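Visitor: Please take me slowly through one part of this protein, the strands on which its beginning is built, and then show me how that part sits within the whole chain. I am in my first year, so I would be glad of one connected explanation.

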Amino acid sequence: MLSMNNAICHQADICVIGGGMAGMIAAISAARHGARVVLMHDRPVLGGNASSEIRMWIRGAAGRENRETGILQELELENIYRNPTMNYSLWDSVLLQAVMAEKNITLLLNCSCLDCQTAGNRITSVTGWQLNTYAFHTVEAQIFLDCSGDSILAPLCGAAYRVGREGQNDLGESEAPAQADRKTMGNSCLIEARQTDHPCPFTAPEWANVYPDDASMMDKNHDFIGTGVNFWWIELGGEQDTIADTQTLNMELLKIAFGVWDHIKNRGDHGADNWELEWVGFLPGKRESRRYEGDYMLTQQDLSTGRPFPDVVAYGGWTMDNHLPAGFYAPGYSSHHLPVNAPYPIPYRCLYSRNIDNLMFAGRNISASHLAMSSTRVMATCSLMGQAAGAAAALAVEKTCDPRGVYLCHMAELQRRLMEDGCYLPGLVRKPAPTQIDLPSEQLALLQNGWERPHAGVENRILLPAGTRLTITLPAPARRQALRLALDADFSRESISPRKKYQDFAMRAHVFADDPPLQMPAPLLREATLICEMPDGPVSLKLKNHQALLRIPLPDGASRLTLCLESSWGGGDIGLYGCEIMDV
(Lines give C-alpha, C1' and ligand atoms only; values in the text may rest on other atoms or scores of the structure.)
Protein backbone atom coordinates (compact mmCIF):
# COMPACT_ATOMS: atom_id res chain seq x y z
CA MET A 1 0.00 0.00 0.00
CA LEU A 2 1.33 3.41 -0.97
CA SER A 3 1.81 5.94 1.81
CA MET A 4 1.57 9.72 1.62
CA ASN A 5 4.51 9.76 4.03
CA ASN A 6 6.72 9.07 1.02
CA ALA A 7 5.42 12.04 -0.94
CA ILE A 8 7.68 14.21 -3.08
CA CYS A 9 7.86 17.54 -1.25
CA HIS A 10 7.76 21.04 -2.78
CA GLN A 11 8.30 24.41 -1.12
CA ALA A 12 6.58 27.42 -2.63
CA ASP A 13 5.24 30.85 -1.85
CA ILE A 14 1.92 30.07 -3.53
CA CYS A 15 0.22 26.81 -4.46
CA VAL A 16 -2.44 27.02 -7.15
CA ILE A 17 -4.88 24.11 -7.37
CA GLY A 18 -6.43 23.77 -10.83
CA GLY A 19 -4.98 24.71 -14.22
CA GLY A 20 -8.09 25.89 -16.02
CA MET A 21 -8.06 29.39 -17.45
CA ALA A 22 -8.39 31.02 -14.01
CA GLY A 23 -5.75 28.89 -12.28
CA MET A 24 -3.25 28.89 -15.11
CA ILE A 25 -3.45 32.68 -15.46
CA ALA A 26 -3.29 33.09 -11.66
CA ALA A 27 -0.07 31.08 -11.62
CA ILE A 28 1.45 33.11 -14.46
CA SER A 29 0.42 36.39 -12.82
CA ALA A 30 1.89 35.44 -9.44
CA ALA A 31 5.11 34.13 -11.00
CA ARG A 32 5.64 37.31 -13.01
CA HIS A 33 5.38 39.27 -9.78
CA GLY A 34 8.22 37.30 -8.26
CA ALA A 35 6.46 34.54 -6.30
CA ARG A 36 7.54 30.89 -6.40
CA VAL A 37 4.48 28.99 -7.58
CA VAL A 38 3.47 25.33 -7.74
CA LEU A 39 0.57 24.73 -10.13
CA MET A 40 -1.21 21.42 -9.44
CA HIS A 41 -3.63 20.32 -12.16
CA ASP A 42 -5.51 17.05 -12.44
CA ARG A 43 -5.53 16.81 -16.25
CA PRO A 44 -2.78 16.26 -18.88
CA VAL A 45 -3.56 19.57 -20.60
CA LEU A 46 -4.18 23.08 -19.31
CA GLY A 47 -7.19 25.28 -19.96
CA GLY A 48 -10.00 23.39 -18.25
CA ASN A 49 -13.28 23.93 -20.09
CA ALA A 50 -11.37 25.69 -22.89
CA SER A 51 -8.94 22.83 -23.46
CA SER A 52 -9.05 20.20 -26.20
CA GLU A 53 -10.67 17.83 -23.70
CA ILE A 54 -13.87 19.92 -23.38
CA ARG A 55 -13.69 22.59 -26.15
CA MET A 56 -15.92 25.30 -24.80
CA TRP A 57 -15.22 28.62 -26.46
CA ILE A 58 -14.09 31.43 -24.17
CA ARG A 59 -16.66 34.17 -23.65
CA GLY A 60 -16.76 37.31 -21.54
CA ALA A 61 -18.23 40.79 -21.25
CA ALA A 62 -20.57 42.07 -23.94
CA GLY A 63 -19.53 45.16 -25.86
CA ARG A 64 -16.50 46.13 -27.92
CA GLU A 65 -15.24 48.54 -25.28
CA ASN A 66 -15.37 45.81 -22.62
CA ARG A 67 -13.13 43.24 -24.31
CA GLU A 68 -10.83 41.51 -21.82
CA THR A 69 -7.11 42.25 -21.98
CA GLY A 70 -4.17 41.29 -19.75
CA ILE A 71 -2.79 37.75 -19.86
CA LEU A 72 -5.92 36.41 -21.57
CA GLN A 73 -5.41 38.76 -24.53
CA GLU A 74 -1.76 37.72 -24.64
CA LEU A 75 -2.78 34.06 -24.94
CA GLU A 76 -5.37 34.82 -27.61
CA LEU A 77 -2.87 36.74 -29.74
CA GLU A 78 -0.28 34.00 -29.34
CA ASN A 79 -2.88 31.49 -30.50
CA ILE A 80 -3.82 33.54 -33.56
CA TYR A 81 -0.12 33.94 -34.41
CA ARG A 82 0.73 30.24 -34.04
CA ASN A 83 -2.60 28.58 -34.72
CA PRO A 84 -4.61 30.41 -37.42
CA THR A 85 -6.71 27.31 -38.21
CA MET A 86 -7.80 27.02 -34.56
CA ASN A 87 -6.49 23.49 -34.04
CA TYR A 88 -7.23 22.49 -30.46
CA SER A 89 -4.00 20.55 -29.95
CA LEU A 90 -2.00 23.63 -30.94
CA TRP A 91 -4.14 25.68 -28.54
CA ASP A 92 -3.17 23.23 -25.78
CA SER A 93 0.47 23.82 -26.70
CA VAL A 94 0.02 27.61 -26.53
CA LEU A 95 -1.24 27.31 -22.95
CA LEU A 96 1.51 24.89 -21.97
CA GLN A 97 4.14 27.17 -23.51
CA ALA A 98 2.86 30.12 -21.47
CA VAL A 99 3.34 28.22 -18.21
CA MET A 100 6.66 26.64 -19.19
CA ALA A 101 8.04 30.10 -20.02
CA GLU A 102 7.75 31.15 -16.36
CA LYS A 103 10.84 30.04 -14.43
CA ASN A 104 9.02 30.61 -11.12
CA ILE A 105 6.35 27.97 -11.84
CA THR A 106 6.66 24.27 -10.99
CA LEU A 107 3.97 22.46 -12.98
CA LEU A 108 2.39 19.23 -11.70
CA LEU A 109 0.12 17.83 -14.41
CA ASN A 110 -2.08 14.73 -13.94
CA CYS A 111 -1.99 15.48 -10.22
CA SER A 112 -5.26 15.47 -8.25
CA CYS A 113 -5.40 17.27 -4.92
CA LEU A 114 -6.79 14.84 -2.32
CA ASP A 115 -5.72 16.07 1.10
CA CYS A 116 -4.53 19.08 3.03
CA GLN A 117 -3.03 19.81 6.43
CA THR A 118 -4.14 22.73 8.57
CA ALA A 119 -3.03 24.54 11.71
CA GLY A 120 -5.78 26.63 13.23
CA ASN A 121 -7.36 28.73 10.50
CA ARG A 122 -4.50 28.18 8.07
CA ILE A 123 -3.61 25.59 5.45
CA THR A 124 -0.03 24.41 5.81
CA SER A 125 0.21 21.95 2.92
CA VAL A 126 -1.74 20.07 0.28
CA THR A 127 -1.10 16.64 -1.17
CA GLY A 128 -1.92 15.38 -4.63
CA TRP A 129 -1.75 12.02 -6.39
CA GLN A 130 -0.01 12.04 -9.78
CA LEU A 131 -1.66 9.38 -11.90
CA ASN A 132 1.09 8.71 -14.45
CA THR A 133 3.96 8.48 -11.95
CA TYR A 134 2.03 6.74 -9.15
CA ALA A 135 3.49 9.29 -6.75
CA PHE A 136 2.18 11.61 -4.07
CA HIS A 137 3.25 15.27 -4.15
CA THR A 138 3.02 17.51 -1.07
CA VAL A 139 3.24 21.28 -1.43
CA GLU A 140 3.96 23.59 1.49
CA ALA A 141 3.17 27.24 0.80
CA GLN A 142 2.23 30.54 2.38
CA ILE A 143 -0.93 31.02 0.30
CA PHE A 144 -3.19 28.45 -1.36
CA LEU A 145 -5.24 29.50 -4.36
CA ASP A 146 -8.11 27.13 -5.20
CA CYS A 147 -9.02 27.41 -8.87
CA SER A 148 -10.30 23.84 -9.11
CA GLY A 149 -13.87 24.94 -9.89
CA ASP A 150 -15.15 22.30 -7.47
CA SER A 151 -13.51 24.06 -4.49
CA ILE A 152 -11.66 20.87 -3.61
CA LEU A 153 -10.01 22.47 -0.55
CA ALA A 154 -13.31 23.56 1.02
CA PRO A 155 -14.34 20.25 2.61
CA LEU A 156 -10.71 19.39 3.34
CA CYS A 157 -9.85 22.53 5.32
CA GLY A 158 -13.22 23.59 6.71
CA ALA A 159 -13.65 26.70 4.56
CA ALA A 160 -17.16 28.11 4.40
CA TYR A 161 -18.92 27.32 1.13
CA ARG A 162 -22.34 27.00 -0.47
CA VAL A 163 -24.05 24.66 -2.89
CA GLY A 164 -27.22 25.43 -4.82
CA ARG A 165 -29.61 28.31 -5.19
CA GLU A 166 -30.37 30.95 -2.58
CA GLY A 167 -34.01 31.74 -1.82
CA GLN A 168 -35.49 35.18 -2.48
CA ASN A 169 -35.29 36.14 1.20
CA ASP A 170 -31.66 35.10 1.60
CA LEU A 171 -30.02 37.91 -0.39
CA GLY A 172 -33.05 39.83 -1.66
CA GLU A 173 -32.62 38.57 -5.23
CA SER A 174 -35.85 38.98 -7.16
CA GLU A 175 -35.09 36.19 -9.64
CA ALA A 176 -34.12 33.60 -7.04
CA PRO A 177 -36.55 30.75 -6.31
CA ALA A 178 -38.95 31.28 -3.40
CA GLN A 179 -37.09 28.75 -1.28
CA ALA A 180 -33.40 27.84 -1.26
CA ASP A 181 -32.45 24.44 -2.66
CA ARG A 182 -29.37 22.48 -3.73
CA LYS A 183 -30.10 22.62 -7.45
CA THR A 184 -27.35 23.90 -9.72
CA MET A 185 -26.51 24.30 -13.38
CA GLY A 186 -25.42 21.05 -14.99
CA ASN A 187 -22.50 19.51 -16.88
CA SER A 188 -22.39 19.54 -20.69
CA CYS A 189 -21.00 17.14 -23.27
CA LEU A 190 -20.06 19.10 -26.41
CA ILE A 191 -19.88 17.81 -30.00
CA GLU A 192 -17.61 18.96 -32.81
CA ALA A 193 -18.38 18.11 -36.46
CA ARG A 194 -16.27 18.48 -39.61
CA GLN A 195 -17.50 19.32 -43.11
CA THR A 196 -16.15 17.11 -45.91
CA ASP A 197 -16.64 16.82 -49.70
CA HIS A 198 -18.19 13.33 -49.55
CA PRO A 199 -21.02 11.50 -47.80
CA CYS A 200 -20.15 10.34 -44.29
CA PRO A 201 -22.39 7.56 -42.95
CA PHE A 202 -22.77 7.14 -39.20
CA THR A 203 -23.62 4.07 -37.17
CA ALA A 204 -24.46 4.85 -33.56
CA PRO A 205 -23.15 2.74 -30.66
CA GLU A 206 -25.77 0.26 -29.56
CA TRP A 207 -26.00 1.96 -26.17
CA ALA A 208 -26.76 5.42 -27.63
CA ASN A 209 -30.17 6.95 -26.99
CA VAL A 210 -32.62 7.01 -29.90
CA TYR A 211 -34.40 10.23 -30.83
CA PRO A 212 -36.79 9.57 -33.74
CA ASP A 213 -38.04 13.17 -33.92
CA ASP A 214 -37.40 16.66 -32.59
CA ALA A 215 -39.99 16.32 -29.84
CA SER A 216 -38.19 13.31 -28.37
CA MET A 217 -35.07 15.48 -28.27
CA MET A 218 -36.98 18.12 -26.30
CA ASP A 219 -37.06 20.44 -29.34
CA LYS A 220 -33.47 21.56 -28.79
CA ASN A 221 -31.74 23.67 -31.45
CA HIS A 222 -29.53 21.25 -33.38
CA ASP A 223 -29.01 23.39 -36.50
CA PHE A 224 -25.25 23.36 -36.04
CA ILE A 225 -24.71 24.28 -39.71
CA GLY A 226 -26.86 27.40 -39.60
CA THR A 227 -26.44 28.58 -36.03
CA GLY A 228 -23.07 27.04 -35.12
CA VAL A 229 -24.52 25.68 -31.88
CA ASN A 230 -21.98 23.53 -30.04
CA PHE A 231 -24.67 21.42 -28.33
CA TRP A 232 -24.18 23.09 -24.94
CA TRP A 233 -27.71 21.91 -24.12
CA ILE A 234 -26.56 18.28 -23.82
CA GLU A 235 -26.55 19.06 -20.10
CA LEU A 236 -27.36 17.04 -16.97
CA GLY A 237 -26.71 17.21 -13.26
CA GLY A 238 -28.50 20.29 -12.04
CA GLU A 239 -30.99 18.14 -10.16
CA GLN A 240 -28.32 15.74 -8.94
CA ASP A 241 -24.88 16.32 -7.38
CA THR A 242 -22.44 17.58 -10.01
CA ILE A 243 -19.53 16.21 -7.99
CA ALA A 244 -20.71 12.96 -6.39
CA ASP A 245 -22.79 11.90 -9.41
CA THR A 246 -20.30 12.99 -12.06
CA GLN A 247 -19.39 9.58 -13.44
CA THR A 248 -23.01 8.49 -13.78
CA LEU A 249 -23.83 11.80 -15.42
CA ASN A 250 -20.90 11.41 -17.83
CA MET A 251 -22.25 8.09 -19.09
CA GLU A 252 -25.74 9.47 -19.55
CA LEU A 253 -24.42 12.49 -21.41
CA LEU A 254 -22.54 10.25 -23.83
CA LYS A 255 -25.72 8.31 -24.56
CA ILE A 256 -27.47 11.58 -25.34
CA ALA A 257 -24.58 12.97 -27.42
CA PHE A 258 -24.30 9.96 -29.72
CA GLY A 259 -28.08 9.78 -29.93
CA VAL A 260 -28.25 13.42 -31.01
CA TRP A 261 -25.70 12.84 -33.76
CA ASP A 262 -27.61 9.72 -34.84
CA HIS A 263 -30.76 11.87 -35.08
CA ILE A 264 -28.94 14.47 -37.21
CA LYS A 265 -27.42 11.88 -39.55
CA ASN A 266 -30.07 9.20 -39.78
CA ARG A 267 -33.47 10.55 -38.75
CA GLY A 268 -34.60 13.30 -41.07
CA ASP A 269 -32.87 15.64 -43.51
CA HIS A 270 -30.59 17.99 -41.60
CA GLY A 271 -28.27 18.87 -44.48
CA ALA A 272 -25.50 16.94 -42.76
CA ASP A 273 -24.79 14.21 -45.31
CA ASN A 274 -21.21 15.41 -45.88
CA TRP A 275 -20.51 16.08 -42.22
CA GLU A 276 -18.64 13.66 -40.00
CA LEU A 277 -18.39 13.45 -36.24
CA GLU A 278 -14.96 14.94 -35.49
CA TRP A 279 -14.99 14.76 -31.71
CA VAL A 280 -17.21 14.10 -28.68
CA GLY A 281 -16.46 15.42 -25.20
CA PHE A 282 -15.88 12.33 -23.10
CA LEU A 283 -14.96 14.74 -20.29
CA PRO A 284 -18.01 17.01 -19.88
CA GLY A 285 -17.62 20.64 -18.92
CA LYS A 286 -18.94 21.71 -15.54
CA ARG A 287 -20.72 24.97 -14.72
CA GLU A 288 -21.41 24.85 -11.01
CA SER A 289 -20.72 22.95 -7.82
CA ARG A 290 -19.33 24.44 -4.60
CA ARG A 291 -18.94 28.21 -4.16
CA TYR A 292 -16.74 29.67 -1.45
CA GLU A 293 -17.87 32.36 0.98
CA GLY A 294 -15.58 35.37 1.09
CA ASP A 295 -15.66 38.69 2.92
CA TYR A 296 -18.22 39.80 0.32
CA MET A 297 -20.73 37.82 -1.74
CA LEU A 298 -21.61 39.18 -5.17
CA THR A 299 -25.37 39.26 -5.88
CA GLN A 300 -27.90 39.74 -8.65
CA GLN A 301 -28.35 43.38 -7.60
CA ASP A 302 -24.62 44.09 -7.90
CA LEU A 303 -24.58 42.85 -11.49
CA SER A 304 -27.82 44.45 -12.62
CA THR A 305 -26.86 47.88 -11.27
CA GLY A 306 -23.11 47.75 -11.88
CA ARG A 307 -22.58 48.83 -8.29
CA PRO A 308 -19.07 50.32 -7.85
CA PHE A 309 -16.60 48.76 -5.42
CA PRO A 310 -13.49 50.51 -4.06
CA ASP A 311 -11.66 47.16 -4.17
CA VAL A 312 -12.46 46.39 -7.82
CA VAL A 313 -9.91 43.99 -9.33
CA ALA A 314 -11.83 42.49 -12.27
CA TYR A 315 -15.10 42.83 -14.15
CA GLY A 316 -17.77 40.87 -15.95
CA GLY A 317 -20.40 41.58 -18.54
CA TRP A 318 -21.95 38.30 -19.68
CA THR A 319 -25.66 38.04 -18.96
CA MET A 320 -26.81 36.13 -15.90
CA ASP A 321 -27.07 32.99 -18.01
CA ASN A 322 -28.92 30.78 -15.53
CA HIS A 323 -29.24 27.28 -16.99
CA LEU A 324 -32.31 25.38 -15.85
CA PRO A 325 -31.49 22.52 -13.45
CA ALA A 326 -33.33 20.01 -15.67
CA GLY A 327 -30.89 20.74 -18.49
CA PHE A 328 -31.53 18.51 -21.49
CA TYR A 329 -34.92 17.45 -20.11
CA ALA A 330 -36.20 21.03 -19.93
CA PRO A 331 -38.20 21.57 -23.16
CA GLY A 332 -36.76 24.00 -25.68
CA TYR A 333 -34.12 26.58 -24.78
CA SER A 334 -32.90 25.55 -21.34
CA SER A 335 -31.44 28.75 -19.91
CA HIS A 336 -32.89 31.97 -18.55
CA HIS A 337 -31.00 35.20 -19.28
CA LEU A 338 -31.06 38.26 -17.02
CA PRO A 339 -29.44 41.53 -18.14
CA VAL A 340 -26.39 42.96 -16.40
CA ASN A 341 -24.87 46.42 -16.36
CA ALA A 342 -21.76 45.72 -18.43
CA PRO A 343 -19.08 46.09 -17.33
CA TYR A 344 -19.89 45.39 -13.68
CA PRO A 345 -17.00 45.48 -11.15
CA ILE A 346 -15.91 42.41 -9.17
CA PRO A 347 -14.45 43.24 -5.75
CA TYR A 348 -11.31 41.67 -4.35
CA ARG A 349 -13.21 40.58 -1.22
CA CYS A 350 -14.92 37.88 -3.35
CA LEU A 351 -11.56 36.18 -3.98
CA TYR A 352 -10.46 35.12 -0.47
CA SER A 353 -12.02 33.01 2.27
CA ARG A 354 -13.85 34.60 5.17
CA ASN A 355 -12.66 31.94 7.63
CA ILE A 356 -9.43 30.35 6.30
CA ASP A 357 -6.74 33.00 6.58
CA ASN A 358 -4.46 31.99 3.68
CA LEU A 359 -7.01 30.61 1.20
CA MET A 360 -7.88 32.41 -2.05
CA PHE A 361 -9.90 31.36 -5.09
CA ALA A 362 -10.70 32.42 -8.63
CA GLY A 363 -12.99 31.08 -11.34
CA ARG A 364 -16.53 29.77 -11.08
CA ASN A 365 -16.11 29.06 -7.34
CA ILE A 366 -15.74 32.66 -6.10
CA SER A 367 -17.89 34.20 -3.40
CA ALA A 368 -21.03 34.88 -5.42
CA SER A 369 -24.67 33.90 -5.23
CA HIS A 370 -25.97 31.29 -7.64
CA LEU A 371 -27.49 34.01 -9.82
CA ALA A 372 -24.37 36.21 -9.86
CA MET A 373 -22.19 33.18 -10.57
CA SER A 374 -24.31 32.40 -13.64
CA SER A 375 -22.54 35.41 -15.19
CA THR A 376 -19.12 35.42 -13.51
CA ARG A 377 -18.53 31.75 -14.45
CA VAL A 378 -17.70 32.45 -18.12
CA MET A 379 -14.04 31.91 -18.83
CA ALA A 380 -12.90 35.36 -19.92
CA THR A 381 -14.27 36.74 -16.64
CA CYS A 382 -12.66 33.85 -14.74
CA SER A 383 -9.37 34.70 -16.45
CA LEU A 384 -9.50 38.29 -15.20
CA MET A 385 -10.21 37.08 -11.67
CA GLY A 386 -7.32 34.63 -11.97
CA GLN A 387 -4.90 37.38 -12.95
CA ALA A 388 -6.11 39.53 -10.06
CA ALA A 389 -5.89 36.71 -7.53
CA GLY A 390 -2.40 35.74 -8.67
CA ALA A 391 -1.13 39.31 -8.44
CA ALA A 392 -2.77 39.72 -5.01
CA ALA A 393 -1.27 36.48 -3.70
CA ALA A 394 2.19 37.58 -4.83
CA LEU A 395 1.68 40.97 -3.19
CA ALA A 396 0.63 39.28 0.05
CA VAL A 397 3.82 37.21 -0.01
CA GLU A 398 5.89 40.32 -0.71
CA LYS A 399 4.24 42.27 2.12
CA THR A 400 4.21 39.26 4.50
CA CYS A 401 0.49 39.51 5.07
CA ASP A 402 -2.56 37.36 4.45
CA PRO A 403 -4.97 37.99 1.54
CA ARG A 404 -7.24 40.05 3.79
CA GLY A 405 -4.25 42.22 4.64
CA VAL A 406 -3.94 43.16 0.96
CA TYR A 407 -7.52 44.46 1.12
CA LEU A 408 -6.90 46.37 4.32
CA CYS A 409 -3.51 47.88 3.50
CA HIS A 410 -2.42 47.42 -0.13
CA MET A 411 -5.42 47.76 -2.46
CA ALA A 412 -4.11 50.79 -4.31
CA GLU A 413 -0.84 49.01 -5.05
CA LEU A 414 -2.66 45.88 -6.27
CA GLN A 415 -4.87 47.93 -8.57
CA ARG A 416 -1.87 49.86 -9.89
CA ARG A 417 -0.05 46.64 -10.72
CA LEU A 418 -3.06 45.12 -12.46
CA MET A 419 -3.55 48.18 -14.65
CA GLU A 420 0.16 48.32 -15.42
CA ASP A 421 -0.15 44.68 -16.54
CA GLY A 422 -2.83 45.69 -19.04
CA CYS A 423 -5.99 45.01 -17.02
CA TYR A 424 -8.98 47.32 -17.15
CA LEU A 425 -10.69 48.08 -13.83
CA PRO A 426 -14.11 49.79 -14.13
CA GLY A 427 -14.22 53.05 -12.23
CA LEU A 428 -10.45 53.50 -12.27
CA VAL A 429 -8.17 55.17 -14.80
CA ARG A 430 -4.51 54.30 -15.05
CA LYS A 431 -1.96 57.07 -14.43
CA PRO A 432 0.87 56.69 -16.96
CA ALA A 433 4.31 58.03 -16.16
CA PRO A 434 4.73 61.47 -17.80
CA THR A 435 6.94 60.99 -20.84
CA GLN A 436 8.30 63.55 -23.31
CA ILE A 437 7.46 62.41 -26.87
CA ASP A 438 7.73 64.56 -30.01
CA LEU A 439 4.04 64.43 -30.95
CA PRO A 440 1.34 67.06 -31.39
CA SER A 441 -0.33 67.89 -28.09
CA GLU A 442 -3.64 66.29 -29.11
CA GLN A 443 -1.98 62.96 -29.87
CA LEU A 444 0.21 63.11 -26.79
CA ALA A 445 -2.86 63.74 -24.63
CA LEU A 446 -4.50 60.56 -25.97
CA LEU A 447 -1.39 58.51 -25.20
CA GLN A 448 -1.27 59.84 -21.65
CA ASN A 449 -4.97 59.88 -20.68
CA GLY A 450 -4.76 56.45 -19.03
CA TRP A 451 -7.32 54.77 -21.31
CA GLU A 452 -5.79 51.84 -23.17
CA ARG A 453 -9.01 50.88 -24.95
CA PRO A 454 -12.00 52.58 -26.55
CA HIS A 455 -14.25 54.16 -23.92
CA ALA A 456 -17.48 56.15 -24.03
CA GLY A 457 -17.28 56.35 -27.82
CA VAL A 458 -13.72 57.77 -27.81
CA GLU A 459 -11.05 55.61 -29.47
CA ASN A 460 -8.25 56.85 -27.15
CA ARG A 461 -5.61 55.78 -29.68
CA ILE A 462 -3.50 57.42 -32.31
CA LEU A 463 -2.90 55.94 -35.76
CA LEU A 464 0.58 56.43 -37.19
CA PRO A 465 1.75 55.56 -40.71
CA ALA A 466 4.37 52.87 -41.15
CA GLY A 467 7.80 54.51 -41.09
CA THR A 468 6.91 57.03 -38.34
CA ARG A 469 9.81 57.89 -36.03
CA LEU A 470 9.04 58.94 -32.46
CA THR A 471 11.71 60.69 -30.38
CA ILE A 472 11.44 60.10 -26.63
CA THR A 473 13.60 62.20 -24.29
CA LEU A 474 14.40 60.91 -20.80
CA PRO A 475 14.70 63.43 -17.96
CA ALA A 476 17.78 61.55 -16.69
CA PRO A 477 19.87 58.66 -18.01
CA ALA A 478 17.94 55.41 -17.82
CA ARG A 479 18.47 53.19 -14.81
CA ARG A 480 16.40 50.02 -14.47
CA GLN A 481 13.72 51.38 -16.76
CA ALA A 482 11.71 50.14 -19.73
CA LEU A 483 9.73 51.51 -22.62
CA ARG A 484 6.10 50.45 -22.18
CA LEU A 485 3.94 50.34 -25.31
CA ALA A 486 0.20 49.69 -25.24
CA LEU A 487 -0.65 48.72 -28.82
CA ASP A 488 -3.90 48.44 -30.74
CA ALA A 489 -4.92 44.78 -31.23
CA ASP A 490 -8.26 45.76 -32.84
CA PHE A 491 -10.96 45.75 -30.17
CA SER A 492 -13.58 45.16 -32.88
CA ARG A 493 -11.73 42.00 -34.02
CA GLU A 494 -13.08 42.60 -37.52
CA SER A 495 -9.59 42.37 -39.01
CA ILE A 496 -8.98 38.97 -37.36
CA SER A 497 -11.80 37.20 -39.19
CA PRO A 498 -14.77 38.17 -41.38
CA ARG A 499 -16.82 35.61 -39.40
CA LYS A 500 -18.61 37.11 -36.41
CA LYS A 501 -18.40 33.83 -34.50
CA TYR A 502 -14.58 34.08 -34.47
CA GLN A 503 -14.48 37.77 -33.61
CA ASP A 504 -15.84 37.25 -30.09
CA PHE A 505 -12.98 34.90 -29.26
CA ALA A 506 -11.04 33.03 -31.89
CA MET A 507 -12.06 29.45 -31.06
CA ARG A 508 -14.12 27.15 -33.22
CA ALA A 509 -17.08 24.90 -32.47
CA HIS A 510 -17.23 23.03 -35.81
CA VAL A 511 -14.88 22.76 -38.80
CA PHE A 512 -16.39 24.36 -41.90
CA ALA A 513 -14.62 23.73 -45.20
CA ASP A 514 -14.67 27.41 -46.16
CA ASP A 515 -13.45 28.87 -42.88
CA PRO A 516 -10.65 31.34 -43.66
CA PRO A 517 -7.55 31.25 -41.43
CA LEU A 518 -7.38 33.83 -38.68
CA GLN A 519 -5.34 36.95 -39.30
CA MET A 520 -3.30 38.98 -36.83
CA PRO A 521 -5.00 42.29 -35.91
CA ALA A 522 -4.44 44.73 -38.76
CA PRO A 523 -3.32 47.80 -36.72
CA LEU A 524 -1.01 45.82 -34.42
CA LEU A 525 2.68 46.74 -34.59
CA ARG A 526 4.66 44.01 -36.36
CA GLU A 527 8.21 45.36 -36.69
CA ALA A 528 10.06 48.28 -35.16
CA THR A 529 13.53 49.46 -34.34
CA LEU A 530 14.43 51.18 -31.07
CA ILE A 531 17.58 53.33 -31.17
CA CYS A 532 18.98 54.18 -27.74
CA GLU A 533 21.38 57.12 -27.46
CA MET A 534 24.21 56.02 -25.15
CA PRO A 535 27.32 57.82 -23.90
CA ASP A 536 29.43 55.65 -26.24
CA GLY A 537 27.13 55.95 -29.23
CA PRO A 538 23.72 54.63 -30.33
CA VAL A 539 22.52 51.09 -29.67
CA SER A 540 19.81 49.64 -31.94
CA LEU A 541 17.27 47.02 -30.89
CA LYS A 542 15.28 45.24 -33.59
CA LEU A 543 11.73 44.33 -32.52
CA LYS A 544 9.45 41.69 -34.01
CA ASN A 545 6.08 41.70 -32.30
CA HIS A 546 2.68 40.01 -32.15
CA GLN A 547 1.52 41.21 -28.72
CA ALA A 548 -0.52 44.19 -27.50
CA LEU A 549 1.56 45.10 -24.45
CA LEU A 550 5.34 45.49 -24.65
CA ARG A 551 7.87 46.29 -21.96
CA ILE A 552 11.24 46.81 -23.62
CA PRO A 553 14.13 46.99 -21.10
CA LEU A 554 16.38 49.98 -21.72
CA PRO A 555 20.15 49.84 -21.39
CA ASP A 556 21.30 51.80 -18.36
CA GLY A 557 22.61 55.19 -19.43
CA ALA A 558 20.27 55.76 -22.37
CA SER A 559 19.32 59.44 -22.60
CA ARG A 560 17.11 59.57 -25.68
CA LEU A 561 15.19 57.01 -27.73
CA THR A 562 14.10 56.93 -31.33
CA LEU A 563 11.29 54.46 -31.99
CA CYS A 564 10.93 53.61 -35.67
CA LEU A 565 7.48 52.07 -36.30
CA GLU A 566 8.21 50.06 -39.43
CA SER A 567 5.12 47.96 -40.16
CA SER A 568 1.77 46.71 -38.92
CA TRP A 569 0.30 43.24 -39.42
CA GLY A 570 -2.29 44.61 -41.82
CA GLY A 571 0.13 46.69 -43.85
CA GLY A 572 -1.52 50.00 -42.94
CA ASP A 573 -1.42 52.38 -40.01
CA ILE A 574 -0.15 51.32 -36.58
CA GLY A 575 -2.42 51.90 -33.57
CA LEU A 576 -0.97 53.13 -30.29
CA TYR A 577 -2.81 53.53 -26.96
CA GLY A 578 0.13 54.33 -24.71
CA CYS A 579 3.86 55.06 -24.77
CA GLU A 580 5.85 55.77 -21.61
CA ILE A 581 9.08 55.24 -19.72
CA MET A 582 8.48 53.20 -16.59
CA ASP A 583 10.56 51.87 -13.72
CA VAL A 584 11.08 48.12 -13.49
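**A close look at the early strands**

Guide: Let us begin with one pair of residues, Val16 and Leu39, which stand opposite each other, Leu39 being in strand β3. What you see is a predicted model, and this pair belongs to a parallel pairing in which strand β2, residues 14-17, is joined to β3 over four bridges. In a regular strand, side chains point alternately to one face of the sheet and to the other. Strand β3, residues 37-40, can be read with that in mind, since Val37 and Leu39 lie on one side while Val38 and Met40 lie on the other, and all four are buried, which leaves both faces of the strand covered.

A second group of early strands gathers around β7. Strand β1, residues 8-11, runs parallel to β7 and is joined to it by four bridges, and within this pairing Gln11 has Glu140 as its bridge partner. Strand β6, residues 122-130, also pairs with β7, but here the sense is antiparallel and there are six bridges, with Val126 partnered by Val139. Strands β6 and β7 form a hairpin with four residues between them, and in that turn Tyr134 has a positive phi of about 55 degrees. Because five of the six residues of β7, residues 135-140, are buried, this strand is largely enclosed by the rest of the structure.

From here we can move to two single residues outside these strands. Asp150 sits in the loop between β8, residues 143-146, and α4, residues 153-157. Its relative accessible area is 18%, and because buried means under 20%, Asp150 counts as buried. Leaving aside residues up to four places away in sequence, Asp150 touches Ile243, Lys286, Ser289, Arg290 and Arg364. Glu74, by contrast, is found in helix α2, residues 70-82, and with a relative accessibility of 26% this residue is partly exposed. When residues up to four places away in sequence are again set aside, Glu74 touches Arg32 and Gln547. The C-alpha atoms of Glu74 and Leu549 are separated by 8.1 Å, although these two residues are 475 residues apart along the chain.

That link leads to the later part of the chain, where five strands form an open antiparallel sheet in the order β21-β23-β28-β25-β26. Strands β21, residues 436-437, and β26, residues 539-544, each have a single partner strand, so they stand at the edges and one side of each lacks a neighbour in the sheet. Inside that order, β25, residues 525-533, and β28, residues 560-568, run antiparallel and are joined by eight bridges, with Ala528 opposite Leu565 of β28.

Finally, we can place these details in the whole. The chain contains 14 helices and 29 strands, and 60% of its 584 residues count as buried. Of the contacts between residues at least 6 apart in sequence, 75% join residues at least 24 apart, and the contact of Glu74 with Gln547 is one you have already met. A compact globule of 584 residues would have a radius of gyration near 25 Å, and because the chain has 25 Å, the two agree.

Terms used: Residues numbered from 1 in each chain as written. Predicted model: local features only at pLDDT ≥ 70, side-chain atom pairs only at ≥ 80, totals over all residues. Heavy atoms only, no water. Helix = DSSP H or I, 4+ residues; strand = E, 2+ residues; numbered from the N terminus. Rg over C-alpha atoms; globule rule 2.2 N^0.38 Å. Buried < 20%, exposed > 50% of the residue type's maximum accessible area, 1.4 Å probe, protein only. Contact = heavy atoms within 4.5 Å. Pairing = 2+ DSSP bridges.
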